[in-house]
There are 2 protein chains.
Amino acid sequence: MQRLLTLLTPLGALLALLFVCLMASRVLKASQGNEKMASISAKVREGANAYLRRQYRIVAIFFVAMFALLSLLAFVVKGKNGTHMLTPYVPFAFITGGLFSGLSGFIGMKIATAANARTAHAASQSLNSGLRIAFSAGSVMGFTVVGLGLLDLSVWYFLLKYGFRLEAREITSAMLTFGMGASSMALFARVGGGIFTKAADVGADLVGKVEAGIPEDDPRNPAVIADNVGDNVGDVAGMGADLYESYVGSIISAMALGVSAASRMPTVNDDQAVVIPMAMAGIGVIASILGTFLVRTKEKASQKALLGALRRGTNFSAILIAIAAFPLVLFMLGAEYIGVYGAVISGLVAGVAIGFFTEYQTSDTYKPTQNLAATTKTGPATVIIGGISLGMRSTMAPAIIIAISVLTSYFISGGAATPALGLFGIAISAVGMLSTLGITLATDAYGPVADNAGGIAEMAGLPKEVRERTDALDSLGNTTAATGKGFAIGSAALTALALIVAYTDRIQELDPRFLLNLQITNPAVLTGLLIGAMLPFFFAALTMQAVGRAAQSIVFEVRRQFREIKGLMEGKADADYATCVDLCAKASLREMILPTIVGLVAPVIVGIGLGPNGVVGLLAGALVSGFLIAIMMANAGGAWDNAKKYVEAGNFGGKGSENHKAAVVGDTVGDPFKDTAGPSINILIKLLSMVSIVFAGVVLGFHVIK
Amino acid sequence: MQRLLTLLTPLGALLALLFVCLMASRVLKASQGNEKMASISAKVREGANAYLRRQYRIVAIFFVAMFALLSLLAFVVKGKNGTHMLTPYVPFAFITGGLFSGLSGFIGMKIATAANARTAHAASQSLNSGLRIAFSAGSVMGFTVVGLGLLDLSVWYFLLKYGFRLEAREITSAMLTFGMGASSMALFARVGGGIFTKAADVGADLVGKVEAGIPEDDPRNPAVIADNVGDNVGDVAGMGADLYESYVGSIISAMALGVSAASRMPTVNDDQAVVIPMAMAGIGVIASILGTFLVRTKEKASQKALLGALRRGTNFSAILIAIAAFPLVLFMLGAEYIGVYGAVISGLVAGVAIGFFTEYQTSDTYKPTQNLAATTKTGPATVIIGGISLGMRSTMAPAIIIAISVLTSYFISGGAATPALGLFGIAISAVGMLSTLGITLATDAYGPVADNAGGIAEMAGLPKEVRERTDALDSLGNTTAATGKGFAIGSAALTALALIVAYTDRIQELDPRFLLNLQITNPAVLTGLLIGAMLPFFFAALTMQAVGRAAQSIVFEVRRQFREIKGLMEGKADADYATCVDLCAKASLREMILPTIVGLVAPVIVGIGLGPNGVVGLLAGALVSGFLIAIMMANAGGAWDNAKKYVEAGNFGGKGSENHKAAVVGDTVGDPFKDTAGPSINILIKLLSMVSIVFAGVVLGFHVIK
């Protein structure tokens, strides 16, 4: 039975990847529409491909350097006890993690750039057709992420277990490096892509909408192609890499804590505990595939009905998982430890609850965003004050939800008697939260496709109702994106927490005599805490500043083209789109380096200075402040975006009014909040932990303060 | 000898209050200028007095209720061990703390409203005369705060020690309640005053400067008197109460940790350790008074020379203290524990270092603010993105400085061998940092006076050079205010840290069998940490939102007056100033309640739910996130303000340009950042700790999770 359940993971991987092929062929069979649409789509595709090629080239240098460094520690340098500091699998695991994370983003972007014109064309027939194409493209992305994630996990697990016959602890230790590779890649992709997309978006909006007063996606705007390219490299490729990292990160950390927990459960062996998270992910994939079949609407569907269709799919999947996880836990751990099943449910519920509160804060069908829209009556300054307050205030519910979820998972799993078991429960709750990722990501990733389709409809001069339909899809995408962000942030907090525990386990494993003093009143812990809490602030500052700087260069370029290209504003001459694309690419590639380095180097420096106790403080500090800043930024950004849409829908003066201009300022500030800095922080807090774990041996050898 | 040193505290109090009388009489002897100036000043004074009366009335209700609650715990309710939960001194100590904190603000405001016209008149003679009056008024405030602080400390100390013959531990325990009273009052004053001043300022600027295009402080602006009243009730009265709280808080917490430290120092008795912080504060006052005599300039002084004059005074005082603290520590603790002297120096140096970095980030003579000014070229959105990045980035240096200072004070005092001694060292470093408060506050508090003087000069139609001189003084005030904020934030972090330790001591004292498990991996600690870190976000949101809402009501009112009062814009009719003053007062009194309640109630609720371990997590979380948010907000706000001034000085298009409008948006957003939310958070993090300590007994009786 146990063997059979182990096969759930590769089975899930296989089914997911088959489903990807099915969905991809459905998208590719559809027509791209007229020649103009195809040509615009081609331009966007070329820009996105060109950017990703350049990004991967730079990232490749980094990965080669890290591979060399890790190989040095695995094959050459020896620690005090005469063995190498890392196992020989580590460098290879690191590389594959990065590779697959990048691949997830790449495939997602490929299908998104293929689907944009097709969605626009389908939307010109009907809303339902548009939804089908966009959602199929989103499904390709969603199931690529989970499929590749499980494939990678299975291959490594079976290889290390049956090929190299390693023990469970050694397996999870090597696999954490695989997570570190994925996180590094994800951070590059999120930061680089995030800077690209928002620099283009902000730049295009500031000159186009605010100064020149031309509509969004107007072909006269020289930054319009860059803006559409950005949606693909940031919101799609960046998100794919990001969620791949979240997904495997949560599973791996739960596996690692499973080993510790198993040593305290007399009736359970290591393998049983390790397989639970993997098998649960497998179940989740199957449930998600089934859920997608429920996503369809009637022809004349309202916004509400559309959302209902998406909800039906995700809720169905969640319920399936809740049912199937029970026998899984029962078979693997026995009735004595069935409490761990409670942790799964706690994670699922917390994910839904955070998603609900996120939607409440950021959707224009509720008071908070409507009130924010009302602040446009007194100009941009009150819009900014209102949005930042909204974002900061909105941290309360998720913080309390996560607090309750942590305590519930811990105690229900038996943490009061056996702390290791409780901590395993917390890690499992993160896996539970992300188990529906296949379908939640599909409902999330279709947003940028619809957004791009709208751009193409506008540029190709399609009838007004087409744009209206893609707008309906896009606006829905904003809501599902908010929910998706709730899951991403919530799971990041739980995973990071599990990784902190995994770090303390690792230290004890490396040097059982080392006395961890994690008392919060220990000055090393406290200063670590302070510095850790500062890192997300610093990191967010770097990324936002990068967006601001890059956006300024786009503004100057667009202004130059408006000024120098005769006949551009009258639509008689073509804009020079390529220069803007190139400017964005250069800026984002240049600016993505420093923030990523900060994430990689900080835990090592702090570790050497303050020792392992300081590192735990650092990780805890980064976790809490990063969690809160990420929520604040995501929600403020989402609310500004929707408040602007609310004004555009004719409230408080509507399009073109002074109020609208104020709303656009809010939206513009929100762009780097919600799509660059915020989501990157989720990755950062996990990367910090994984780096700490991988380099724990190095830190132990050097640290100054005991 | 020891007795003699004990007298340093009342001596310092006496000298400070005498010096206050001297300075006050110097201010009051000066002429108020012409009748118009006197009448404007009277209007401002009346508005400020009326507001404070209303504020004190509301706060009095709160204090009476708290007095009743504390009396209940001190005289009626008994704990498990059969004794009352609080000592009988607690309710009275609480009241006096609140009273003196309020009084500090009140006296500061009295002199500031008396000095504004006098400063304007003096500035019409010469810059130096203007500086003398303004700085004298600032000195009244600075030395009132330290004088009343030391007076209160001395009276309580001598009363409890020689009157009631209590032990040192009981004395410090009662005095912590006195700190809680001061903190509660300070929070009301800061939040209420902060909302008032910024609502008026933002409202006046948005309609006046941005929409109507009239200059700042133009008498046609109906909100102009409210704006000037706001400077007095917020920047002066609020700051006075705030810094009174910081000052006595740092001393009291050091006294409390002194008792624990003394029990580990065989050669030192409790009283010796307790007296050190008090005596050091006494020395600081004397040194500060001497320092003020160095603050004078030549007639044709440049901005730089003015700053030099202020610096000379503060540096001289700091050096005096550094010299005098050595024999003090030597006599009190003996050569064996002279390391504690190192903590004093570490605190002094950290304060100066944070001040320097704050100035670097926010002064327009350095790159960061100049670069921020350059973002105005692309409109308000990039200004906002730039300012928030600047604020977030600027948290790095202070976080590292505080981290180094904590580690240095801890280890140099002997924390490696005796943790209690190291923790005492940390508390002492906060006292060292604030020992120059008399003079640093004088250089800080004169800013609002100069600001008001400029307003009166403008409204009374004085010659242009008068306004230029008051502007020079005011702009300098912004720099010194930034430095002052650095001290306030740095000392708040160190004091809060000391109070966390005092809390754990208190728990052990109340129930020696209670097993504190402060491991950061304990779920109660972790969830406490998360919720604690969330509180400053939530709190900042509440206060900013209050400002936004109140400012909106001012905007509507000013627009209404512009529309309805015929001849107002032509200067033929008078504006209805009183309505705006009343609107601000109502709004701030209504909105100050909730944030303060949050600060008072949160630690008790979390304590009951998560127990003492959770409370420690809460306090640590609030400390780190509050520290960082406060710095971010102070520096972003300061930089926006000065970037605007930099544009107004003729850079990037100068006054009236589109760039200037963008800069004003930044400044407006920065107002509640730097003058409402930011400084209130400093108080919040200490109040949370003090409430936890005072209600520790209650929490211990109820808590759910062990």
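Modeller: A helix here is a DSSP run of H or I with at least four residues, numbered from the N terminus. The model is predicted. By that numbering, A:R165 lies in the loop between α5 (127–163) and α6 (168–212) of chain A.

Biologist: What makes the phi of A:R165 worth a look?

Modeller: Its sign. Most residues other than glycine have a negative phi. A:R165 is not a glycine, yet its phi is positive, about 55°.

Biologist: Why is A:R165 called buried or exposed?

Modeller: Count the neighbours. Exposed means 12 or fewer other C-beta atoms within 10 Å. A:R165 has 8, so it is exposed.

Biologist: Where is B:F652, and what is its phi?

Modeller: B:F652 sits in the loop between α19 and α20 of chain B. Its phi is near 50°, positive in a residue other than glycine.

Biologist: Why does B:F652 count as buried or exposed?

Modeller: The cut-off for buried is 20 or more other C-beta atoms within 10 Å. B:F652 has 20 C-beta neighbours inside 10 Å, so it counts as buried.

Biologist: How do you know how α8(A) and α9(A) run relative to each other?

Modeller: From the crossing angle. The axes of α8 (residues 270–292) and α9 (residues 303–333) of chain A cross at roughly 155° and come within 8 Å. Angles over 145 degrees count as roughly antiparallel. The two helices, α8(A) and α9(A), are therefore roughly antiparallel to each other. Their crossing is right-handed.

Biologist: Which residues meet where α8(A) touches α9(A)?

Modeller: On α8(A), they include A:I276, A:M280, A:I283 and A:A287. On α9(A), A:F316, A:L320, A:I321 and A:L328 are among them. By class, this contact has 16 nonpolar, 8 polar and no charged residues.

Biologist: What makes the span of α17(A) fit its residue count?

Modeller: Expect 1.5 Å times one less than the number of residues. Helix α17 (residues 523–564) of chain A has 42 residues, for an expected 62 Å. From first C-alpha to last, α17(A) reaches 61 Å, close to that value.

Biologist: Why is α17(A) called mostly covered?

Modeller: Because 35 of its 42 residues are buried, and each of these meets the cut-off of 20 or more other C-beta atoms within 10 Å.

Biologist: How many residues of chain B are in contact with chain A?

Modeller: 67 residues of chain B, against 67 of chain A. The cut-off for contact is C-beta atoms within 7 Å. Elements giving two or more residues to the chain B side include α6, α16 and α19 of chain B. The largest share, 20 residues, comes from α17(B).

Biologist: What classes do the residues on that side of chain B fall into?

Modeller: They divide into 46 nonpolar, 20 polar and 1 charged.

Definitions and conventions
Residues are numbered from 1 along each chain as its sequence is written. Chains are lettered from A and ligands numbered from 1 in the order in which they are written. This is a predicted model: local features need pLDDT of at least 70, side-chain atom pairs count only at pLDDT 80 or more; totals for chains, interfaces and linings use all residues. Two residues are in contact if their C-beta atoms, placed from the backbone, lie within 7 Å. Ala, Val, Leu, Ile, Met, Phe, Trp, Tyr, Cys and Pro count as nonpolar, Asp, Glu, Lys and Arg as charged, and the others, Gly among them, as polar. Axes are lines fitted to C-alpha atoms, for helices over the stretch in contact, and angles run from 0 to 180 degrees between N-to-C directions. Angles under 35 degrees count as roughly parallel, over 145 as roughly antiparallel, 65 to 115 as roughly perpendicular and the rest as oblique. A crossing is left-handed if the near helix is turned anticlockwise from the far one by less than a right angle, and right-handed if clockwise.
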